[in-house]
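Work through the exercises below with the sequence and the model side by side, and try each task before reading its solution.

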Amino acid sequence: MAQKRQSQEEEGGSWMDTYGDMITLVLTFFVLLYSMSNMDQSKWQYIAEAFTKGKVSSTEVQVVGEPQDNDPTAVYDDTIPELDEYDEIVDFEDLYMYLKEIVTSHDLNESVSVEMSKTGVYMRFRDNVFFAGDSDVLLDEGKYILEIISDGIRQVNERIYAVKVSGHTAGASNSDVNEWNLSSGRANAVINYMLGLDACDSDKFSSAGYGKYRPVEDNDTEEGRRQNRRVEIIFVRNDVDFTDPNVVNELLQLEYGQGFVQPSNDDGTPVGGGETEETPAEPSRSDPDRVYVSRDDVLGQR
C-alpha cells in the first residue's frame, strides 16, 4: 500500500516539471524580443525629463501637427522671429515696422503686403496663406501668422479704433461654391481666430464679404484672379484727423469701394463734366445744406 501511494505522488509531480519548462521558454522568448528591439532615445529623454524636472524644454522636444486641408508634405517654420527692437510696440509706427519685419523674416513678401496710411495699417493676404481652394477653414500656416501678428496688435489695443476684415474671391467659373458665403466665411474665420487669441477688443472687429466685386486686378487673367483672391485686414487708429478730407476720403473708399468717392471741381461737379446719372454732383462747399461726415458715420456707431 505504501509503495502504491509513493508511485501516485511521483506521477502527480511530473506535470509541474512540464509547466516550469514552458514558462521558462516563454520568458526566454520575451527576453529575446526585448534584446532585438531599439529604445527610442527621444521618447526616453522626454519621459526622463518629465519625471525629473516636471517639464520638457521646448528646444529639445518639438511637436509638429499635420496641417488641416493642406499639403501633407509641407513643413512650416514655427520659429518666433527675433525682433528685439520691437519688444515694446507703443504706437502704429512701431506696429507697422513689426508687421513688416514678420513678412520679411518669414519670406512672405510675395503673398503678404503691409502698408501704412493716415488712417492706419493695411494688410493684404493672398488667400492661399489662410485657406485651401473653395474652403473657409483656416490652414495651420495661416493660424500661425495670425498668432504672430496678434502679439503686436495686442500691445497697441488701446490705440486701435476699429479692425475690419474683408474677404474677396475671383468668381471662378469651375466652382460651385457660393462666392458670397465663401468670402464672408473667410473673413469671419479670421476674426474668430483672432478673438480666440485675445488680439483686440471684440467690439472693434467688423467683417465683410465682397465676393468678386472689388477686384484689385483683372479677373480675366489667371494672375489677376490670384491677386483678387485675398483677405484684407485694416487697423484703424483712434487718433486720425477726421477734419482731413483725405482721411474721410480714404475711409469712405474703404467702406464703399474705390468708385464711391469721385474727384470733383470746387463747385462740387465731377471733374470733366457736369452731373451724370451714375455720378451725381456733390453739394457745393458753400451749400448750407451740406452734410458733414462724422467719425461715427464713417466707421459705424457703437
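## Exercise 1: one aspartate

In this predicted model, Asp127 has a relative accessible area of 12% and is therefore buried, given that the cut-off for buried is under 20%.

Task: find where Asp127 lies and which residues it touches.

Solution: Begin with the secondary structure, where Asp127 is found in helix 4, which covers residues 127–130. Then turn to its contacts, leaving aside residues up to four places away in sequence, and Asp127 is seen to touch Arg186, Arg229 and Arg230.

## Exercise 2: two packed helices

Task: decide how helix 5 and helix 6 are oriented to each other, and list the residues of helix 5 and helix 6 that make the contact.

Solution: First take the geometry: helix 5 (residues 140–155) and helix 6 (residues 179–196) pack at an angle of about 55°, and their axes are 10 Å apart. The two helices are therefore oblique to each other, and their crossing is right-handed. Next come the residues, with Lys143, Leu146, Glu147, Ser150 and Ile153 contributed by helix 5, and Val190, Tyr193 and Met194 by helix 6. Sorted by class, this contact has five nonpolar, one polar and two charged residues.

## Exercise 3: the sheet

Task: work out the strand order of the open sheet and name its edge strands.

Solution: Five strands form the open sheet in the order 1-2-5-3-4, with mixed pairing. Strand 1 (112–116) and strand 4 (205–209) each pair on one side only, and these are the edge strands. From one strand to the next, the twist averages 15°. Inside the sheet, strand 3 (residues 160–168) and strand 5 (residues 230–237) run antiparallel and are joined by eight bridges; Ala162, for instance, has Val236 of strand 5 as its bridge partner. Finally, helix 5 packs on the sheet, touching strand 2, strand 3 and strand 5.

Conventions. Residues are numbered from 1 along each chain as its sequence is written. This is a predicted model: local features need pLDDT of at least 70, side-chain atom pairs count only at pLDDT 80 or more; totals for chains, interfaces and linings use all residues. Side-chain values use heavy atoms; hydrogens and water are left out. Helices (H or I, at least four residues) and strands (E, at least two) are DSSP runs, numbered from the N terminus. Buried means under 20% relative accessible area, exposed over 50%, partly exposed in between (1.4 Å probe, protein chains only). Contact means heavy atoms within 4.5 Å. Axes are lines fitted to C-alpha atoms, for helices over the stretch in contact, and angles run from 0 to 180 degrees between N-to-C directions. Angles under 35 degrees count as roughly parallel, over 145 as roughly antiparallel, 65 to 115 as roughly perpendicular and the rest as oblique. A crossing is left-handed if the near helix is turned anticlockwise from the far one by less than a right angle, and right-handed if clockwise. Ala, Val, Leu, Ile, Met, Phe, Trp, Tyr, Cys and Pro count as nonpolar, Asp, Glu, Lys and Arg as charged, and the others, Gly among them, as polar. Two strands pair if DSSP finds at least two bridges between them.
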